[in-house]
Number of protein chains: 2
Amino acid sequence: MTADYWPLADVVDACAEHGVEWVGPWRHKLEDVEDARRRIDAAGLKVSSLCRGGFFAADNADADNRLAVEQAAALGTDVLVLVCGPPRTRDLAAARATIEAGIERLLPHAREHGVRLGIEPLHPMMISERSAIVTLGESLDMAERIGDDHVGVVIDVYHTFWDPRIDEQIARAAGRILGFHVNDWLPATQHTLLERGMMGDGIIELRRLRSLVDAAGYQGPIEVEILNPAVWELPREELMRTTIDRFEKCVV
Amino acid sequence: MTADYWPLADVVDACAEHGVEWVGPWRHKLEDVEDARRRIDAAGLKVSSLCRGGFFAADNADADNRLAVEQAAALGTDVLVLVCGPPRTRDLAAARATIEAGIERLLPHAREHGVRLGIEPLHPMMISERSAIVTLGESLDMAERIGDDHVGVVIDVYHTFWDPRIDEQIARAAGRILGFHVNDWLPATQHTLLERGMMGDGIIELRRLRSLVDAAGYQGPIEVEILNPAVWELPREELMRTTIDRFEKCVV
């Protein structure tokens with residue numbers, strides 16, 4: 001998603017060229033899953049996760065989420081990121097119950113395909129459009145209630161760094177962390193969706209959060225996820241080099 | 001703040017004309033505090049609160065906050081709303097400690113003037129510009145640690161409705177609620193500051209939150225606070241009538 005203007009094939013090639021070992025595709029980039037899998041395999045890359053399932057209150061949610069599970073399995077990843085979707089009415093408790101019921105309905109299909117479901121809390125400013133699940137705490141409440149090793153959480157620093165309880169919640173997430181996303185919160189952020197920053201350009205304590213995730217036992221890949229047209233517009237080499245450089249400076 | 005384009009004198013007159021009994025001025029509208037007090041008294045209004053003190057990491061914070069306390073007392077209100085200010089570095093824990101220390105330094109002056117300090121959590125999307133305090137839970141943690149009847153919290157539905165723990169936190173706030181602000185969260189909100197909605201235009205369960213605040217024993221005035229140029233630009237009569245009408249339909 002950090003290179004949203006490129007076709008997936010270009011992202012795969014660029015990662016291979018630059019020694020990036022993992023790629024995490026979003027579904028809108030998957031034209032032909034089998035073809036994508038062949039390209040990724042041929043380049044020697046692994047797939048960190050597929051993003052996204054979720055939106056459990058949408059009309060076709062169940063069918064679409066079953067397809068997303070199948071696509072994840074076909075791509076060779078065992079993680080499907082869930083962006084759980086907004087409330088359809090003002091009743092947030094009902095929206096959250098709808099989401100939990102949707103995850104439970106999806107779970108047998110996910111287990112059958114060897115795909116784990118990662119509940120990603122989104123920033124509270126995204127509640128009306130993207131997710132009624134807005135804290136790591138409630139993602140963990142839900143994962144614990146479901147109580148299945150195919151349900152966990154995905155932690156994105158952008159969505160969670162503000163939380164005064166983040167330290168204890170990351171510790172609590174031990175054994176359930178299915179993904180870790182990095183980027184940055186830019187000072188003077190004005191836009192609720194497309195102003196995510198490059199690591200190091202903002203105010204997030206990236207290395208500290210990474211050390212908390214490490215301490216919770218997470219050993220999987222770390223995904224860079226920057227939704228920002230100013231980043232998307234960078235020339236290919238500059239985007240790749242800057243991303244890798246900042247990752248090494250701010251996260252490693 | 002719902003009529004930010006009008007001088008305070010016009011707001012006072014309009015409230016008196018329309019039977020609104022309370023007014024909650026912001027400090028940028030106070031040119032002459034004594035004169036403001038005379039106008040408000042003459043119109044038969046009471047002052048619900050003064051907004052704002054806070055910004056504890058600013059260079060002149062202590063002097064400015066002492067002045068704000070004095071202005072609140074001079075206006076005849078016993079509530080100063082605290083917008084606590086952003087972090088100065090990436091260290092949020094340090095920013096929060098700076099805020100708590102600032103409140104403790106201000107407290108004797110506030111007590112002496114009969115002014116209570118209301119810690120207002122702001123929406124997490126405002127963290128880098130306006131407040132490192134972003135949940136009602138941490139406002140209450142702070143108020144409880146300070147443990148003085150001149151320190152409480154202010155609850156704004158816009159800043160808090162998204163919180164999956166809001167019900168229990170409002171209940172916990174019993175005896176410490178110094179103000180309650182209403183407005184609405186508009187669907188498809190794109191801007192992090194100036195898109196607050198008129199009550200009824202958004203997704204917040206206003207009556208439910210009001211009933212929680214009632215159940216916590218709050219009996220003070222309810223303030224309408226809408227930061228939005230589309231509201232500010234409404235003609236005087238339309239702004240007054242719409243605000244009162246929506247308040248009665250959605251909050252009462």
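Two exercises with worked solutions follow, both based on a predicted model.

**Exercise 1. Helix packing in chain A**

Determine at what angle helices H3 and H4 of chain A pack, which hand their crossing has, and which residues make the contact.

Solution.

1. Two packed helices are described by the angle between their axes and the distance between the axes.
2. For helix H3 (residues 61-75) and helix H4 (residues 92-112) of chain A, the angle is about 35° and the axes lie 10 Å apart.
3. The crossing of H3(A) and H4(A) is right-handed.
4. H3(A) contributes A:Ala61, A:Asp62, A:Asn65, A:Arg66 and A:Val69 to the contact, while H4(A) contributes A:Gly102, A:Arg105, A:Leu106, A:His109 and A:Ala110.
5. Sorted by class, the residues of this contact between H3(A) and H4(A) comprise four nonpolar, three polar and three charged.

**Exercise 2. The relation between chains A and B**

Establish by what turn and shift chain B can be laid on chain A, and describe the contact between the two chains.

Solution.

1. A turn of 180° with a shift of 0.0 Å along the axis lays chain B on chain A with an RMSD of 0.0 Å.
2. The two copies are therefore related as by a two-fold rotation axis.
3. Within chain B, the residue that comes closest to the rotation axis is B:His191, whose C-alpha is at 2.5 Å.
4. Both copies use the same surface, since 100% of the contact residues of chain B recur in chain A.
5. The contact involves 24 residues of chain B and 24 residues of chain A.
6. On the side of chain B that touches chain A, twelve residues are nonpolar, seven polar and five charged.

Technical notes: Residues are numbered from 1 along each chain as its sequence is written. Chains are lettered from A and ligands numbered from 1 in the order in which they are written. This is a predicted model: local features need pLDDT of at least 70, side-chain atom pairs count only at pLDDT 80 or more; totals for chains, interfaces and linings use all residues. Axes are lines fitted to C-alpha atoms, for helices over the stretch in contact, and angles run from 0 to 180 degrees between N-to-C directions. Helices (H or I, at least four residues) and strands (E, at least two) are DSSP runs, numbered from the N terminus. A crossing is left-handed if the near helix is turned anticlockwise from the far one by less than a right angle, and right-handed if clockwise. Two residues are in contact if their C-beta atoms, placed from the backbone, lie within 7 Å. Ala, Val, Leu, Ile, Met, Phe, Trp, Tyr, Cys and Pro count as nonpolar, Asp, Glu, Lys and Arg as charged, and the others, Gly among them, as polar. Copies are superposed by least squares on the C-alpha atoms of residues with pLDDT of at least 70 in both.
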